[in-house]
Amino acid sequence: MKLPRGKIYDSFFISDIHYLLNKRIKSHKHKELFQLLDHFHKKEIRFQNVYLVGDIIESWFFSADRRLTRIKGKKRFNKLFDRLDKLALENSRKYYIVGNHDTTSYLMRLSPRIESYLKERDWIVCEKVEDEVLIALHGHQGQYNKFTWIGSIFVLRILHVFASIFPRVFKFSEAFYHKHLNRHDPTSTEEILSYYQRLSKLTHQGHKVLISGHTHDFLCIPKINIINTGDWVKSNTFVLQDGRKFVGIRMTARKNYKKEFTLKI
């Protein structure tokens with residue numbers, strides 16, 4: 001599909017970028033992300049609302065907060081957010097929805113330094129966004145409650161202390177965490193429906209469109225108005241809102257895009 005020049009969309013949704021992640025640890029495709037954002041800018045495509053639907057900055061593999069204090073790290077933050085800011089119209093709303101990988105806070109909050117950086121750029125930092133049409137949140141709320149989150153973060157911090165001292169055990173630490181502490185994402189049809197029904201109940205979805213990320217599964221379930229934005233690190237996916245129509249798109253190559261689904265409400 002072709003993206004029309006000069007088009008103003010209602011909203012742009014993207015999640016699970018895991019920015020700052022070192023590709024020696026995991027693939028991240030950040031180069032391709034910059035190609036997408038630069039392509040939007042060159043074609044003068046703009047948005048009334050920009051939704052970053054969680055796990056945008058990677059803080060589990062290392063401290064993104066400490067990165068922001070360094071000149072080189074600050075430049076990397078600016079490299080991403082300068083591009084995102086250019087896509088928003090002057091009166092746009094820009095939402096930074098906090099995901100589980102954005103923080104290692106026991107309270108599920110961004111670090112004060114990162115939150116201040118975002119607010120200075122007029123980003124609205126929140127856990128959930130809701131209006132008359134949609135509800136957007138990262139989706140880890142369907143996996144963690146406050147107690148399981150605190151326990152997971154406690155163990156994660158210990159593992160990362162060892163990994164920072166002995167870098168060679170880093171991958172072992174991550175593998176241990178995901179195998180023994182991180183609950184598996186839904187895979188079967190029954191598990192997927194159960195997961196989103198739980199998320200729907202937690203958010204009091206009603207007849208609104210529920211948009212999330214977290215599981216890295218790019219999907220649309222029209223019967224219950226569910227959309228998952230997928231992820232960038234594997235799938236190169238995002239969602240555009242044009243009026244009451246939501247379109248799921250996959251970037252297949254530079255300047256090449258494939259429409260995966262459309263949800264009309």
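## The seven-stranded sheet

Let's start with the bigger picture of strands: seven of them make an open sheet with mixed pairing, in the order β4-β3-β2-β1-β10-β11-β12. At the edges stand β4 (123-126) and β12 (256-264), and each has a single partner strand, so one side of each has no neighbour in the sheet. Going from strand to neighbouring strand, the average turn is 20°, direction ignored. Keep in mind as you look around that this is a predicted model.

As a reminder, strands of a sheet pair through backbone hydrogen bonds, and they can do that either parallel or antiparallel. Both kinds turn up around β1. With β2, β1 pairs in the parallel sense over six bridges, and one pair to look for is Tyr9 with its bridge partner Phe47 in β2. With β10, β1 pairs in the antiparallel sense over three bridges; here Phe13 has Val239 of β10 as its bridge partner. β1 is also mostly covered, with five of its seven residues buried.

Next along, β10 (residues 237-242) runs antiparallel to β11 (residues 245-253), and six bridges join the two. Asp242 is bridged to Lys245 in β11.

## Helices on that sheet

Helix α1 (residues 30-42) lies across β1 (8-14), β2 (46-53), β10, β11 and β12, and runs at about 170° to β1. Helix α4 (residues 112-120) packs on the sheet too, where it touches β3 (88-97) and β4. The direction of α4 makes about 145° with that of β4.

## Where α3 meets α4

α4 also has a helix to pack with: α3 (residues 71-87), at an angle of about 40° and with the two axes 12 Å apart. With that angle, α3 and α4 are therefore oblique to each other. The crossing of α3 past α4 is right-handed.

Which residues make the contact between α3 and α4? From α3 come Lys74, Phe77, Asn78 and Phe81, and from α4 come Ile114, Tyr117 and Leu118. Sorted by type, the residues of this contact are five nonpolar, one polar and one charged.

## A closer look at Leu263

Leu263 sits in strand β12. Is Leu263 buried or exposed? Its relative accessible area is 4%, so Leu263 counts as buried, since the cut-off for buried is under 20%.

Leaving aside residues up to four places away in sequence, Leu263 touches Val209, Cys220, Pro222, Asn225, Ile227, Arg244, Lys245 and Phe246. Ile221 is 42 residues from Leu263 in sequence, yet their C-alpha atoms are 8.6 Å apart in space.

## The five-stranded sheet

There is another open sheet, made of five strands in the order β5-β6-β7-β9-β8, and its pairing is mixed. β5 (128-130) and β8 (218-221) are the edge strands, each pairing on one side only. Neighbouring strands of this sheet are turned against each other by 15° on average, direction ignored.

At the β5 edge, three bridges join β5 to β6 (residues 134-137), and these two strands run antiparallel. Look for Glu130, whose bridge partner in β6 is Ile135. Helix α7 (residues 189-203) lies across β5, β6, β7 (209-212), β8 and β9 (226-229), and runs at about 110° to β7.

Key
Residues numbered from 1 in each chain as written. Predicted model: local features only at pLDDT ≥ 70, side-chain atom pairs only at ≥ 80, totals over all residues. Heavy atoms only, no water. Pairing = 2+ DSSP bridges. Helix = DSSP H or I, 4+ residues; strand = E, 2+ residues; numbered from the N terminus. Axes fitted to C-alpha atoms, helices over the stretch in contact; angles between N-to-C directions. Contact = heavy atoms within 4.5 Å. Parallel < 35°, antiparallel > 145°, perpendicular 65-115°, else oblique. Left-handed = near helix turned anticlockwise from the far one by under 90°. Nonpolar A, V, L, I, M, F, W, Y, C, P; charged D, E, K, R; others polar. Buried < 20%, exposed > 50% of the residue type's maximum accessible area, 1.4 Å probe, protein only.
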